[in-house]
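Here is a round of questions on how side chains pack in one protein chain. Look over the structure before reading on.

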Amino acid sequence: MSWGTELWDQFDNLEKHTQWGIDILEKYIKFVKERTEIELSYAKQLRNLSKKYQPKKNSKEEEEYKYTACKAFLSTLNEMNDYAGQHEVISENMTSQITMDLMRYVQELKQERKSNFHDGRKAQQHIETCWKQLESSKRRFERDCKEADRAQQYFEKMDADINVTKADVEKARQQAQIRQQMAEDSKADYSLILQRFNQEQWEYYHTHIPNIFQKIQEMEERRIVRIGESMKTFAEVDRQVIPIIGKCLDGIVKAAESIDQKNDSQLVVEAYKSGFEPPGDIEFEDYTQPMKRTVSDNSLSSSKEGKPELKFGSKSKGKLWPFIKKNKGVTPEDFSNFPPEQRRKKLQQKVDDLNKEIQKETDQRDAITKMKDVYLKNPQMGDPASLDHKLTEVTQNIEKLRLEAQKFEAWLAEVEGRLPARSEQARRQSGLYDGQTHQTVSNCAQDRESSPDGSYTEEQSQENEHKVLAADFDDEFDDEEPLPAIGTCKALYTFEGQNEGTISVVEGETLSVIEEDKGDGWTRIRRNEDEEGYVPTSYVEVYLDKNAKGAKTYI
């Protein structure tokens with residue numbers, strides 16, 4: 001099958017068809033180009049989406065990413081960022097391997113097509129010129145033959161006419177001979193031109209046109225093959241990134257599988273644990289008795305000479321913690337308004353931050369010192385004295401930060417139980433301690449609220465709430481006589497008393513009970529007449545002496 005033999009007379013249609021082929025190729029190039037733009041736009045949108053949901057630095061949102069679910073989400077965002085990068089790779093490869101390559105090929109194809117059809121038109125023009133020569137020779141031959149016939153007829157007429165002179169007859173005979181010779185010459189010329197035209201025409205239809213059309217056919221077939229190869233490349237470019245995209249998706253799946261609900265639940269405990277024990281049952285107060293209720297040492301809130309009795313300042317706060325309203329004031333520097341566990345975390349975080357600042361300032365001091373040494377060795381580079389002010393300033397900052405860190409480390413050591421409770425002087429420096437609420441149980445129950453965020457204080461009341469200076473508290477506590485034992489208890493579990501006002505016990509240990517549980521979940525015990533404190537009621541088994549002062553019978 002050859003266009004040169006099958007389509008020898010379809011020059012114009014082949015010209016249109018090859019132009020259509022180029023148009024199809026350019027359309028495909030445009031399609032691929034738009035696909036690359038879509039891939040770039042999609043990649044950009046994916047990157048913007050990933051960036052939008054990334055946690056902001058130094059924000060509360062960043063702290064949330066300690067949970068495994070949030071970590072998995074962060075991994076998903078990172079994988080989506082890599083996923084977007086693969087779509088950028090698709091765009092780049094399609095542009096370089098298809099779009100740019102085909103654009104160069106189209107220019108070459110247009111040039112080749114133009115050259116082939118130029119040769120075809122040139123061959124057409126040549127055969128048309130030969131045809132015109134043939135037609136001209138044929139017409140001349142026809143004209144000469146007619147002229148020779150007329151001259152011959154005129155000679156015969158003159159020869160037959162007796163009235164015509166011999167000279168006229170001879171003249172007519174010579175004219176007839178000339179015309180006859182001209183016709184013979186035209187015939188010979190026409191025959192030669194015809195023979196030449198037939199030769200040219202045979203070469204045109206059997207050599208020139210087939211060769212030209214064969215080149216056009218090969219050009220068109222190369223175009224078809226090229227667009228097919230481009231389509232394969234189109235698919236391969238996508239296929240090449242599938243393994244990497246698969247890894248991105250595997251990373252998302254792996255991140256999802258790494259989610260540990262138990263670990264997240266534990267983190268919630270660590271974040272919000274107060275360190276207090278839940279309160280126990282509230283004691284029934286019988287107001288039907290005609291006698292006035294005597295305020296005893298064992299009541300939930302007792303007073304001594306008009307002053308509220310404070311047994312272990314931090315402990316009294318612990319008793320009322322679940323019912324105390326949120327303090328909306330300024331947070332104290334030592335975070336003393338936080339529950340023990342949360343206070344420890346706040347102090348630890350503050351110490352870590354200060355240590356980072358100290359390290360930063362230390363590095364800056366070292367850098368300035370090195371620069372000063374360079375200036376001393378090479379005075380042309382700068383004046384060493386110009387760095388003295390900055391060096392002094394940085395040194396002062398370091399000393400200030402160290403003092404600040406020591407202060408917070410001391411508070412942290414106190415909370416963790418590494419050091420004894422603060423002295424009276426330190427307490428005076430820290431300000432006022434909250435006193436216990438001196439009011440009836442019914443009013444107390446109405447005024448109590450829980451505080452979910454870990455900070456706590458006592459609601460101010462115009463009738464029965466007091467604030468006492470730490471010095472007054474210490475003086476009153478020191479003047480108290482030791483409370484008598486009202487029973488004994490046996491430790492069911494080991495308890496580490498790390499908070500102020502608590503006492504450590506060992507499982508199986510027997511101790512004296514000096515104040516029973518008032519509904520707050522704590523029992524006051526004594527060991528060896530000189531060491532006393534509070535332990536969780538659920539940790540001990542209490543045996544009360546019914547005859548002891550202060551012992552009560554519960555309904």
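What follows is a set of questions and answers on cores, a surface patch and aromatic pairs.

Reader: What kind of model is this, and which helices each supply at least two residues of the largest nonpolar core?
Author: This is a predicted model. Its largest nonpolar core has 40 residues. L25, Y28, M94, I98, F213 and I216 have the most contacts inside that core. At least two of its residues come from each of helix 2 (11–52), helix 4 (68–160) and helix 5 (166–257).

Reader: With which residues is Y28 in contact, leaving aside neighbours within four places in sequence?
Author: Y28 is among the residues with the most contacts inside the largest nonpolar core. Set aside its neighbours within four places in sequence, and Y28 is in contact with I98, L102, I227, S230, M231 and F234.

Reader: How many residues does the other core have?
Author: Another core lies apart from the largest one. Among its residues are I486, V505, Y534 and V535. Its count is 13 residues.

Reader: Is V169 buried or exposed?
Author: V169 sits in helix 5. Its relative accessibility is 14%. Buried means under 20%. V169 therefore counts as buried.

Reader: How far apart in space are V169 and M158, C-alpha to C-alpha?
Author: Beyond its neighbours within four places in sequence, V169 is in contact with F155, M158, D159 and V164. V169 and M158 are 11 residues apart in sequence. Their C-alpha to C-alpha separation in space is 5.6 Å.

Reader: Which class of exposure does F73 fall in?
Author: F73 belongs to helix 4. With L49 and Y53, F73 forms a nonpolar surface patch, with about 280 Å² of accessible area together. The relative accessibility of F73 is 37%, so F73 counts as partly exposed.

Reader: What kind of aromatic pair do F408 and W411 form?
Author: A pair of aromatic rings is described by the distance of the centres and the angle of the planes. For F408 and W411 the centres are 5.3 Å apart and the planes are at 90°. Planes over 60 degrees apart count as edge-to-face. The pair is edge-to-face.

Reader: Why are F408 and W411 separated by about one helical turn?
Author: Both residues are buried. F408 and W411 are in helix 9 (residues 388–416). The separation is about one helical turn because they are three residues apart.

Reader: Which residues do ring pairs link into a cluster?
Author: The count of aromatic pairs comes to 13. Ring pairs link four named residues into a cluster: Y493, F495, W522 and Y539.

Key
Residues are numbered from 1 along each chain as its sequence is written. This is a predicted model: local features need pLDDT of at least 70, side-chain atom pairs count only at pLDDT 80 or more; totals for chains, interfaces and linings use all residues. Side-chain values use heavy atoms; hydrogens and water are left out. A nonpolar core is a set of buried Ala, Val, Leu, Ile, Met, Phe, Trp, Tyr and Cys residues joined through side-chain atoms within 4.5 Å. Buried means under 20% relative accessible area, exposed over 50%, partly exposed in between (1.4 Å probe, protein chains only). Helices (H or I, at least four residues) and strands (E, at least two) are DSSP runs, numbered from the N terminus. Contact means heavy atoms within 4.5 Å. Patches are made of residues with over 30% relative accessible area and no salt bridge: like charges are joined within 9 Å, nonpolar side chains (Val, Leu, Ile, Met, Phe, Trp, Tyr) within 5 Å. Accessible areas come from the Shrake-Rupley method with a 1.4 Å probe; for residues, only the protein chains shown count as cover. A salt bridge is a side-chain nitrogen of Lys or Arg within 4 Å of a carboxyl oxygen of Asp or Glu. Rings of Phe, Tyr and Trp (its six-membered ring) pair if their centres lie within 6.5 Å; planes under 30 degrees apart count as stacked, over 60 as edge-to-face and the rest as tilted.
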